[in-house]
Structures are given as structure tokens and as C-alpha cells.
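I'm opening a fresh page for this one. These are my notes on what I looked up, in the order I got to it.

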Amino acid sequence: MKKLNWGNVEAASEGYAAPPAGGYVLAICSVEDHADKEYLKIYCDIAGVADKANEQFVGYYGQRKERSGDKIPLFSFIRSYKDSALGFFKAFLVALEKSGNAGFVADHFNGNEQQFCGMVVGAVLGQEEYVWNGKLNVRLKVHTVCSVERIQKGDFKVPPIKKYEGEIPTNNAAPTSYTPFSSVNDADIPF
């Protein structure tokens, strides 16, 4: 290992500051169409905040992506355009229109999802618990999309954290139903 002056190196903290649940203005950076499953995956970054105490998170996801060398993707959310979800997709289009995106009219959307790139939309982000590698973690999820104006006015309610309801695995042990060959009786084999 190379020799370093460890007195000049700042220790990394165990945790890191991540955006909390709340109201945000999201800038759409890219959109992927998953036509086989009829949904769009929308990648975005934070362009504005409702709570001035969260201003340090403007540009958070883009900066994190740059620091990781593109290994960590931008924040994303999904908008389905299946027949059963068309009303929700239309609400997303209306939110884009009401957010002041130049010339965008929800009723005239022509199906070109790439035109969303560079647009902004309001979003209420809520927290959700999940398990990864045997540990309980928390992530942000889009709870509601709305106009930028609603976010700026504070006209939204942050949802309570969505709790994980399953069991948390305690180890990565093999299933207990494994039967070694030495314990199998030839009479048990049907052929």
C-alpha cells in the first residue's frame, strides 16, 4: 500500500445526509419507455424544495451520480400507461401542464415521452422501508405528483412512513429443507 499522511485525510462518516420526505420540484433528466410493460421510468433530480431547510438537496441526485462515476442512477419513478392507469397518467400530464412547462398542454400530448426531458413537476416524496442484504433501510418514493405551484405554496401533506411488514431475514443460511443424498433410501425413489 502506498504511504499517506493520514493526518491530511478526513474520515468519512457512517451515514450521509439524504433528502427527507417532503415537497420537491423535480427536473426530468431522462425517460425510458418500457413498452412491453406499458410504463415510463422517469429519471430526475431535485430542482427546488418546499422547505428552505432542505435547499442543500437541490441537485443532490446529479451530484451523487457524478461522484459515483455514473454507478448510482438518478432518482426515478414510474408512470404506467396501461388502460387501468390512464387516469393517473393523465394526472401526471396535467401536473406537467400546470407546472408552467412552456407550450405543454396535457390534452395535446402526442405520445413522445422524450419531450418530458427538461420539464419540471411538483412531487410529494414519502419514505418507505425495505429490506436489502438482511437490513432494514428507508428510501424515498413519489407519493403524489402535482404542480410546482402547489409545492411552492406548501399545499401538500407528507404521508407517514410506509412500514415494512414482512420478516427481516437474520442470515443468509441455506434453506433447511435440504436433504443430503446419503439420507435418501433407494425405496423412496419412484423409478
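I started with two phenylalanines: are F104 and F116 buried or exposed? F104 is buried, and F116 is buried too. I should jot down right away that I'm working from a predicted model.

Next I checked the other pair I had my eye on, F77 and F92, and both of those are buried as well. Back to F104 and F116: their ring centres are 6.1 Å apart and their planes sit at 75°, so I can call this pair edge-to-face. Both residues are in the loop between α2 and β4, 12 residues apart, and the pair links distant parts of the chain.

How many aromatic pairs are there altogether? My count came to 11. F77 and F92 make one of them, edge-to-face, with 6.2 Å from centre to centre and 75° between the planes. F77 belongs to strand β3 (residues 75-80) and F92 to helix α2 (residues 86-98), so this pair ties together parts that are 15 residues apart in sequence.

Then I asked which residues make up the aromatic cluster. I found F77, Y81, F89, F92, F104, F109 and F116 in one cluster, and that takes in both of the pairs I'd been looking at.

New topic: the strands. β4 (residues 120-132) runs antiparallel to β5 (residues 135-146), and the two pair over 11 bridges. I looked for the residue opposite L125 and landed on V142 in β5. The hairpin of β4 and β5 has two residues between the strands, and there N133 takes a positive phi near 55°.

While I was there I looked at R139, whose charged end sits over the ring of Y130. I noted 4.2 Å from that end to the ring centre.

Last stop, the largest pocket. How much space lies in it? I got about 930 Å³. It is lined by 28 residues, and the closest to its centre are F75, S76, R139, L140 and K141. So R139 turns up again in my notes, this time in the lining.

Which elements give two or more residues to that lining? My list reads β2 (39-49), α1 (60-67), β3, β4 and β5. β5 has the largest share, with eight residues. I also sorted the lining by type and wrote down 17 nonpolar, five polar and six charged residues.

Note on methods. Residues numbered from 1 in each chain as written. Predicted model: local features only at pLDDT ≥ 70, side-chain atom pairs only at ≥ 80, totals over all residues. Heavy atoms only, no water. Pairing = 2+ DSSP bridges. Helix = DSSP H or I, 4+ residues; strand = E, 2+ residues; numbered from the N terminus. Phe/Tyr/Trp six-rings, centres within 6.5 Å; stacked < 30°, edge-to-face > 60°. Buried < 20%, exposed > 50% of the residue type's maximum accessible area, 1.4 Å probe, protein only. Lys NZ or Arg CZ within 6 Å of the ring centre and 35° of its normal. 1 Å grid on protein atoms, 1.4 Å probe; cavity = no way out; pocket = protein on both sides within 12 Å on 5 of 7 lines; lining within 4 Å. Points joined across faces, edges and corners; volume = space filled by probe spheres on them. Nonpolar A, V, L, I, M, F, W, Y, C, P; charged D, E, K, R; others polar.
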